[in-house]
Amino acid sequence: MPTRTTPPSDAPVPAKSPGKPPAKRSAKAGVKAKAKPPAKPPAKPPAKAKKSPASKAASKAAGTPATRAAAKPAAPGRFITLEGGEGAGKSTQLRRLLARLQAAGIDAVGTREPGGSTGAEIMRHLILSGAAKPLGPLAEATLFAAARADHLDATIRPALARGAWVVCDRFADSTRVYQGALGNVDPRLIAALEEVTVGETRPDLTLILDLPAEEGLARAAARSGRDADRFESEGLSFHRALREAFRALATSEPERCLLIDASGTADTVEEAIWQAVSTRLKLPAPRRRRRT
Ligand SMILES: Nc1ncnc2c1ncn2[C@@H]1O[C@H](COP(=O)(O)OP(=O)(O)OP(=O)(O)O)[C@@H](O)[C@H]1O
Ligand SMILES: [Mg+2]
């Protein structure tokens with residue numbers, strides 16, 4: 001079995017969001033140095049609201065309780081990932097979903113793996129140059145984990161912490177499938193790497209674009225402006241196994257993952273994705289126009 005590496009995605013790195021930049025925190029943000037302590041401590045701490053994994057991660061990334069209160073976003077960020085085989089349309093649909101979220105007034109950020117942050121983009125080149133290939137899928141899985149850790153810290157968690165929605169072209173599921181299911185890396189190791197890198201920043205929704213391997217390869221081959229990469233040049237049996245592994249993943253985690261039929265036109269797939277996002281995740285109410 002040849003060595004597998006999670007393939008490159010060609011989404012923007014990361015795409016700029018039209019939303020406001022995060023307000024700069026002053027050194028004193030949220031810290032009232034002169035405030036008197038309350039005479040009595042409150043009898044009971046307030047009951048904790050139940051948080052989604054992404055919002056937990058966003059809170060964690062927001063810092064100390066004092067600064068967290070100051071930087072609290074109006075609504076929690078959401079984390080959406082796009083997965084699937086070669087040429088299934090992930091990058092195309094990322095751009096379209098991002099545009100629709102932004103048109104709905106949502107501060108949305110597009111990003112990709114491997115890469116998505118300065119450090120991880122350097123690792124992307126290291127991995128995709130083939131330099132790590134002789135080391136085998138286990139070493140590659142750890143390299144991807146290191147890149148993912150940087151991507152999460154530098155790009156994903158800060159965006160979620162300010163309340164932005166993050167859409168990522170490939171994420172940890174690609175490692176599960178390419179290095180795990182197809183590369184035969186022990187699933188316990190894959191799970192352990194995910195635990196220490198991803199932690200609580202699990203996607204709220206994973207859309208798995210499903211397409212017969214032949215069609216995905218044909219689309220990828222017809223794509224202009226770029227040569228086939230080493231994954232696209234793998235045999236058909238590899239790509240068929242890849243599709244099956246993604247389908248099995250969708251079945252194993254139905255709360256998080258949704259299989260999207262990617263065989264229709266780009267417009268049809270875009271609509272199916274928008275329906276899924278609108279149904280599964282609560283879109284913020286459109287802002288009312290102020291009367292003058
Ligand atoms: N629904 C569709 N029908 C026909 N062609 C499509 C469709 N969606 C995308 N394409 C085209 O197929 C090619 C591959 O699409 P895209 O690059 O979005 O796939 P991808 O999943 O990101 O591929 P990779 O895994 O190689 O990154 C592109 O040329 C794109 O314009
Ligand atoms: Mg792509």
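**Figure 1. What kinds of residues sit around ligand 1?** The shell around ligand 1 is a mix of five nonpolar, seven polar and five charged residues. Keep in mind while looking that this is a predicted model. There are 17 residues around the ligand, and the ones that come nearest are Gly89, Lys90, Ser91, Thr92 and Arg219. Three helices each give two or more residues to this shell: H3 (90–103), H8 (213–222) and H10 (266–280). H3 gives the most, with three residues.

**Figure 2. A stretch that UniProt marks as a binding site.** An unreviewed UniProt entry places the feature "binding site" at Gly84, Gly85, Glu86, Gly87, Ala88, Gly89, Lys90 and Ser91. Have a look back at the ligand view too: Gly89, Lys90 and Ser91 are among the residues that come nearest to ligand 1.

**Figure 3. Gly85, in the loop between S1 and H3.** Is Gly85 buried or exposed? Gly85 has 31 other C-beta atoms within 10 Å, and 20 or more are enough to count, so this glycine is buried. Setting aside residues up to four places away in sequence, Gly85 touches Leu211, Ala213, Gly216, His239, Leu242, Arg243 and Phe246.

**Figure 4. Ala88, another residue of the loop between S1 and H3.** Ala88 counts as buried because there are 28 C-beta neighbours inside 10 Å. Which residues does Ala88 contact, once its neighbours within four places in sequence are left aside? They are Leu209, Leu211, Gly216 and Ala262. Leu211 and Gly216 turn up in the contact list of Gly85 as well.

**Figure 5. Strand S4, tucked into the rest of the structure.** S4 covers residues 205–210, and six of its six residues are buried, so the strand is largely enclosed by the rest of the structure. Both faces are covered. On one side you'll find Leu205, Leu207 and Leu209, and on the other Thr206, Ile208 and Asp210.

**Figure 6. What does S4 pair with?** One partner is S1 (residues 79–84), which pairs with S4 in the parallel sense over five bridges. S5 (residues 257–261) also runs parallel to S4, and five bridges join the two. Ile208 is a handy residue to follow here: Ile208 is the bridge partner of Glu83, and Ile208 also stands opposite Leu259 in S5.

**Figure 7. Stepping back to the whole protein.** Altogether, the protein has ten helices and five strands. Of its 292 residues, 42% count as buried. Among contacts between residues at least 6 apart in sequence, 83% join residues at least 24 apart.

Notes:
Residues numbered from 1 in each chain as written. Chains lettered and ligands numbered in written order. Predicted model: local features only at pLDDT ≥ 70, side-chain atom pairs only at ≥ 80, totals over all residues. Near = placed C-beta within 6 Å. Helix = DSSP H or I, 4+ residues; strand = E, 2+ residues; numbered from the N terminus. Nonpolar A, V, L, I, M, F, W, Y, C, P; charged D, E, K, R; others polar. Buried ≥ 20, exposed ≤ 12 C-beta atoms within 10 Å, placed from the backbone. Pairing = 2+ DSSP bridges. Contact = placed C-beta atoms within 7 Å. UniProt positions renumbered as here; feature names shortened; annotations may be inferred.
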